[in-house]
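Visitor: I'm new to this, and I'd like to learn where the labels come from. Could you walk me through them?

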Amino acid sequence: VIDREGTVTPSRTIVVEDGRIAGVYDNATEAVDAAQKSRATASSGPAGADKTGTIRAGATMAGAALDEAPIDVIECSHLVVTPGLVNLHTHSPMTIFRGIAEDATPDRWFNEEIWPYESLMDADDVETGAWLAAAEMAANGVTAYADHYFMADRICAAALGSGLRADVAPTLFGMAGDFSGQLSRARDLIQEWNGRDGRLSLRLGPHSPYTCTPDQLAACARMAADLGAGAHLHVEDGQQQIAASIDAWGRTPFQVVADSGLMEVPLIVGHGYWILDEERKLLGDQTWLAVCMKTYMKLGEGPGRVWQRPDELPLCIGTDGAASSNTLSPLEQARLLALVGKYNNGNAETFTLKEIWRILMRGHDALPFGTGAIRAGAPADLVLWDLRRPGTWPVYNPLASIVYSADASNVHSSMVAGRWV
């Protein structure tokens, strides 16, 4: 078992009941005893009580007394169990544009290669792309993701059908006109879908401080506070956005966002790659930065500034959309962040295995699901890794094998809320 801190613990048995971890035990016998006691308690409880339980075994279960069971026993002694991965910033429908825009500058990538197609998308295209993205993320060990796109009701439908958890932000464009109408429709969407099946949350998605005015961002902050929701937007994925914001508003992008009130609600910032030293103090206690290294590298965005004192920043991992990152693997993005961090700092002792793992796990804190822990009472969102493959064998340090060598082929299976996905 590897916990969210990157601590490796040999041979544990995990009991899952009613979508949550009922307990973590040193051996299978303790786990079976606990599960049977739980079952007996349920049997003597009110009519209709759930009597089922699932045991995920990190030790051999041979000889366990399970004669009456509705207890499922999964032998996992050759596997590594971790919390699920989080993709904290993506645009899932854009999987349908994977590979369509390559070797292009950021401006040409969007204006000439992507937008002519993206502007023609209909709701079926959006849902198809969202389903494809969910399948890819599940294959890569993702159990929860934060999405930012339009026609968000179709993304919600795909997310629920996939079995994953999703935090969905309907995109709001200031330049598209009728911003009050966009806000109203987003409010209705949040009220309709938020909280469904315990796996779906919604927040407002103003696109960015360069496509929305300060007044529009402030309107989003007020509505988010009124709804008890959060927000999700793009900030400073490109260095040129800083100068443009100062020219337009006399303030840097993060200052515009802070002045709008958005830092006072739970806020996911897609990127924040070029954050200035003086902007760091603006980040709220509920603000998280989802860095997407592969996009910056592919689009030639330059070195960024997240390498400087990274321990001061609430860094998490996103993938961006498949149109820019080509893949939706948070593990790949984290690996690139670690390697480029060591390279840029000229120091192999920075961005250590445990630091990168904690950045991967921090995405759980940005979402309202309470996931990310392997302990009694936590939601059972788990990934089972098989490291007995040519690309990850031999295994001296399971954490190193996952962070630096593993890929989707090592994901044996995943569960969300105690259900296989």
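Guide: Happy to, and keep in mind that this is a predicted model. Let's start with strands β15 (residues 382-385) and β16 (residues 411-416), which run antiparallel and are joined by four bridges.

Visitor: What makes β15 and β16 a pair?

Guide: Two strands pair if there are at least two bridges between them. Here there are four bridges, so β15 and β16 count as paired. To see one of those links, look at V383, whose bridge partner in β16 is S414.

Visitor: Which sheet do they belong to?

Guide: An open one with four strands in the order β5-β15-β16-β17, with antiparallel pairing.

Visitor: Why are β5 and β17 called edge strands?

Guide: Each of them, β5 (80-83) and β17 (419-420), pairs on one side only.

Visitor: How do you know that β1 and β2 pair?

Guide: Same test: the cut-off is at least two bridges, and β1 has five to strand β2 (residues 20-25), so the antiparallel pair qualifies. One of those bridges puts T13 opposite Y25 in β2. The two strands make a hairpin with two residues between them, and D18 in that turn has a positive phi of about 50°.

Visitor: What makes β1 mostly covered?

Guide: Five of the five residues in β1 (residues 13-17) are buried. Both faces are covered, too: T13, V15 and E17 are buried on one side, I14 and V16 on the other.

Visitor: Why is helix α8 described as largely enclosed?

Guide: Count the buried residues: six of the eight in α8 (residues 253-260) are buried, so the rest of the structure largely encloses the helix. They are P253, F254, V256, V257, A258 and S260. Their cover includes α6 (214-227), β11 (231-235), α7 (240-249), β12 (267-271) and β13 (287-291). Just after α8 comes G261, with a positive phi of about 95°.

Visitor: How do you know that F254 is buried?

Guide: Buried means under 20% relative accessible area. F254 has 0%, so it passes that test. Setting aside neighbours within four places in sequence, F254 is in contact with ten residues you can look up, including V235, M263, V269, I275 and L289. For another view of its surroundings, try R280: F254 and R280 are 26 residues apart in sequence, and their C-alpha atoms are 8.7 Å apart in space.

Visitor: What makes Y273 and Y296 a stacked pair?

Guide: Ring centres must lie within 6.5 Å, and planes under 30 degrees apart count as stacked. The rings of Y273 and Y296 are 3.9 Å centre to centre with 25° between the planes, so they meet both conditions. The pair links distant parts of the chain, with Y273 in the loop between β12 and β13 and Y296 in helix α9 (residues 293-298). Both residues are buried.

Visitor: Why is the pair W307 and F351 called edge-to-face instead?

Guide: That label needs planes over 60 degrees apart. For W307 and F351 the planes are at 65° and the centres 5.8 Å apart, so the pair is edge-to-face. W307 lies in the loop between α9 and β14 (315-317) and F351 in the loop between α11 (330-345) and α12 (353-366), so the pair ties together parts 44 residues apart in sequence. Both are buried, and they belong to one aromatic cluster with Y273, W274 and Y296.

Notes: Residues are numbered from 1 along each chain as its sequence is written. This is a predicted model: local features need pLDDT of at least 70, side-chain atom pairs count only at pLDDT 80 or more; totals for chains, interfaces and linings use all residues. Side-chain values use heavy atoms; hydrogens and water are left out. Buried means under 20% relative accessible area, exposed over 50%, partly exposed in between (1.4 Å probe, protein chains only). Contact means heavy atoms within 4.5 Å. Rings of Phe, Tyr and Trp (its six-membered ring) pair if their centres lie within 6.5 Å; planes under 30 degrees apart count as stacked, over 60 as edge-to-face and the rest as tilted.
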